[in-house]
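Got your viewer ready? Here is a short walk through the strands and the helices that pack on them.

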Amino acid sequence: MIKFSGGAAKQPTGVRKVFTALAALAVAIGLGATAASAQVIVVQSTAQGLNAGTELPNDATITIPNGAKAVFVLPSGATRTVSGPFKGRAKDLTKGVRANPAVFEAVRRYVATGGSNQRNVGAVRSAVPVIARGRPLPFSWSAIPVTASGDYCVKKGAAVSLIRARVADQQAVTIIDMASRRRARVAFKAGADSVAWPDDLTITPGVTYAMLSDGRPARQLRVRTISPLPAREDTLQVLHGQRCQSQFRAFIREMQAAN
């Protein structure tokens with residue numbers, strides 16, 4: 001029987017040895033699982049045999065010939081572009097990288113649930129991008145789609161604009177600051193795809209704005225201001241951390257489409 005007196009328990013030598021062995025085994029299993037699961041995702045590739053959408057384990061060999069390149073998402077959620085000639089293993093790209101499973105898993109879900117081809121990964125079918133003039137609305141730190149909802153990241157101090165996909169007709173949009181109840185109205189001219197954010201409605205971090213337009217469902221947008229902007233390779237980490245999911249997807253789409 002193990003007796004407890006005051007502070008630490010006094011354990012028989014045999015029990016201590018068992019606990020020590022179990023603890024060592026748990027650590028070994030944990031490290032082994034981490035090593036086995038660490039990998040990279042190919043987001044875009046012009047290298048033959050290195051297909052976009054592929055998840056590569058640590059020991060996978062990567063070959064990128066001269067003139068080709070590939071974009072990878074690392075376990076940290078950071079991106080890395082590798083230009084040929086390059087030959088090495090996936091683990092060569094992840095040395096010193098600290099894992100961020102939440103970001104990595106979000107990228108994996110995005111690239112895994114859409115269709116894909118040899119060069120570019122398809123988009124999530126449930127998150128089809130808004131198309132403007134035949135192309136998805138671009139990623140931006142300062143342009144907010146009138147169809148945006150949820151959290152949206154903008155550069156602190158930027159000249160913010162509203163953009164839209166359908167440009168044939170005139171369109172009026174009323175923006176309401178849900179904290180102060182102040183409102184402003186902007187109007188797109190026929191053929192125009194952008195209009196400046198109203199000067200008399202200051203963008204305040206964390207405030208929710210409602211956007212109302214005739215014939216369209218109301219949207220609620222919570223603005224998050226970012227300063228300074230992250231390096232390109234760290235952009236996905238920042239967007240995910242700030243819950244700016246539509247921009248997160250737009251950034252991946254642009255990486256996929258890059259040549």
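Two strands count as paired if DSSP finds at least two bridges between them; helices (H or I, at least four residues) and strands (E, at least two) are DSSP runs, numbered from the N terminus. This is a predicted model, where local features need pLDDT of at least 70, side-chain atom pairs count only at pLDDT 80 or more, and totals for chains, interfaces and linings use all residues. Residues are numbered from 1 along each chain as its sequence is written, and side-chain values use heavy atoms, leaving out hydrogens and water.

Start by selecting 208–212, strand β15: 4 bridges tie it to β16, and the two run antiparallel. Click Thr-208 and you'll find Arg-222 of β16 opposite. In the hairpin of β15 and β16, with 6 residues between the strands, look for Gly-215, which has a positive phi near 80 degrees.

Now add 150–155, which is β10: this strand pairs in parallel with β16 (219–226) over 6 bridges. Tyr-152 has Val-223 as its bridge partner in β16.

Next, jump to the open sheet of 4 strands, ordered β2-β1-β4-β5 with antiparallel pairing. Its edges are β2 (55–57) and β5 (79–83), each pairing on one side only. From one strand to the next, the twist averages 35 degrees (axes are lines fitted to C-alpha atoms, for helices over the stretch in contact; angles run from 0 to 180 degrees between N-to-C directions). Zoom in on β4 (69–73), which shares 5 bridges with β5; there, Val-73 is partnered with Thr-79 of β5.

Last stop: select helix α5 (245–257), which packs on the sheet and touches β1, β4 and β5 (contact means heavy atoms within 4.5 Å). Its direction makes about 60 degrees with that of β1. Then show helix α3 (101–112), lying across β1 (39–45), β2 and β4 at about 45 degrees to β1.
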